[in-house]
Amino acid sequence: MTSISDIIERYLIKILKEAPAGTIQIKRSELAELFQCVPSQINYVISTRFTVEKGYVVESKRGGGGYIRIRRVHIPSPQGYYDVLLRLIGNRMSQTAAEDMISRLLEEEWMNQGEARLIRKLISREVLNLPVQMRDSIRARMMRVVVTTLFANKGE
């Protein structure tokens with residue numbers, strides 16, 4: 001069964017794809033009214049499904065004239081994209097951030113479904129059964145190797 005969060009996400013992605021500049025500006029209250037949900041549901045969808053790791057920049061202004069602006073980030077050169085990914089990974093990376101990055105790499109065809117499944121398993125809490133700080137550090141190192149390998153292979 002599809003959740004309201006999935007429906008809202010699909011709607012926002014659809015209107016983003018239709019937006020000529022790849023940017024949309026919405027009002028939280030109007031979106032909540034459209035989907036018959038509370039505004040905090042909209043906040044949840046945007047904060048969990050439109051992350052930097054997935055390739056989005058979100059800006060918001062609260063108050064009467066408030067809005068949420070969502071922009072899909074496109075990086076024109078492979079080298080620029082590679083540099084951005086390494087910066088996003090940093091020295092520590094949560095499982096959620098890593099999975100978001102894997103989804104983006106899959107969507108942009110830097111990896112296939114099988115590779116994505118394998119990497120998701122390798123970076124999981126179940127495999128990296130260590131204290132959080134150590135686990136996030138090792139996960140970041142693994143993701144740096146994954147990204148470096150993907151980009152090296154595309155250059156061949």
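The exercises below work through a predicted model of one protein chain, each with a solution in steps. Residues are numbered from 1 along each chain as its sequence is written, and in this predicted model local features need pLDDT of at least 70, side-chain atom pairs count only at pLDDT 80 or more, and totals for chains, interfaces and linings use all residues. Side-chain values use heavy atoms, while hydrogens and water are left out.

**Exercise 1. The chain as a whole**

Find how many helices and strands the protein chain has, and give their pattern along the sequence.

*Solution.* Begin with the term: helices (H or I, at least four residues) and strands (E, at least two) are DSSP runs, numbered from the N terminus. Counted in this way, the protein chain has seven helices and three strands. Next, read along the sequence, where the pattern is α-β-α-α-β-β-α-α-α-α. Finally, add the outline: taken along the principal axes, the C-alpha atoms of the protein chain fill a box of roughly 45 × 35 × 30 Å.

**Exercise 2. The strands**

Work out which strands pair with S3, in which sense, and over how many bridges.

*Solution.* Two strands pair if DSSP finds at least two bridges between them. Take strand S1 (residues 23–26) to start with: it pairs with strand S3 (residues 67–72) in the antiparallel sense over four bridges. Within this pairing, Gln25 stands opposite Arg69, and Ile26 has Ile68 as its bridge partner. Then take strand S2 (residues 56–61), which is joined to S3 by six bridges and also runs antiparallel to S3. Here Tyr56 has Arg72 as its bridge partner in S3. To finish, look at the two faces of S1, where Ile24 and Ile26 form the covered face, whereas Thr23 and Gln25 form the uncovered one.

**Exercise 3. Buried or exposed?**

Decide for Leu105, Gln95, Arg49 and Glu33 whether each counts as buried or exposed, and place each in its helix.

*Solution.* The cut-offs come before the residues: buried means under 20% relative accessible area, exposed over 50%, and partly exposed in between (1.4 Å probe, protein chains only). Leu105 lies in helix H5 and has 0% relative accessibility, so it counts as buried. Its C-alpha atom is separated by 9.7 Å from that of Gly55, although the two are 50 residues apart along the chain. Gln95, also found in helix H5, counts as buried because its relative accessibility is 9%. Arg49 belongs to helix H3 (residues 39–49) and is buried, with a relative accessible area of 15%. Glu33, placed in helix H2 (residues 28–34), has 61% relative accessibility and therefore counts as exposed. Over the protein chain, buried residues make up 38% of the 156 residues.

Now name the side chains with which Gln95 and Arg49 make polar contacts. A polar contact is a pair of N or O atoms within 3.5 Å; within protein, one must be able to donate a hydrogen and the other to accept it, and residues adjacent in sequence count only if both atoms are side-chain atoms. The side chain of Gln95 is joined to that of Arg125 by a polar contact of 3.0 Å, and the side chain of Arg49 makes one of 2.8 Å with the side chain of Glu9.

**Exercise 4. The largest pocket**

Describe the lining of the largest pocket, and explain where it lies with respect to the two domains.

*Solution.* On a 1 Å grid over the protein atoms alone, a pocket is an open set of points where a 1.4 Å probe fits, with protein on both sides within 12 Å along at least five of seven lines, and lining residues have an atom within 4 Å of a point. The largest pocket is lined by 16 residues, of which Ile13, Lys17, Tyr56, Arg72 and Glu107 lie nearest its centre. Two elements, helix H1 (4–18) and helix H5 (95–107), give two or more residues to this lining, and H5 gives the most, with five residues. For the position, note that domain bounds come from an automatic or database domain assignment. Domain 1 (4–72) and domain 2 (78–153) both give residues to the lining, so the largest pocket lies between them.
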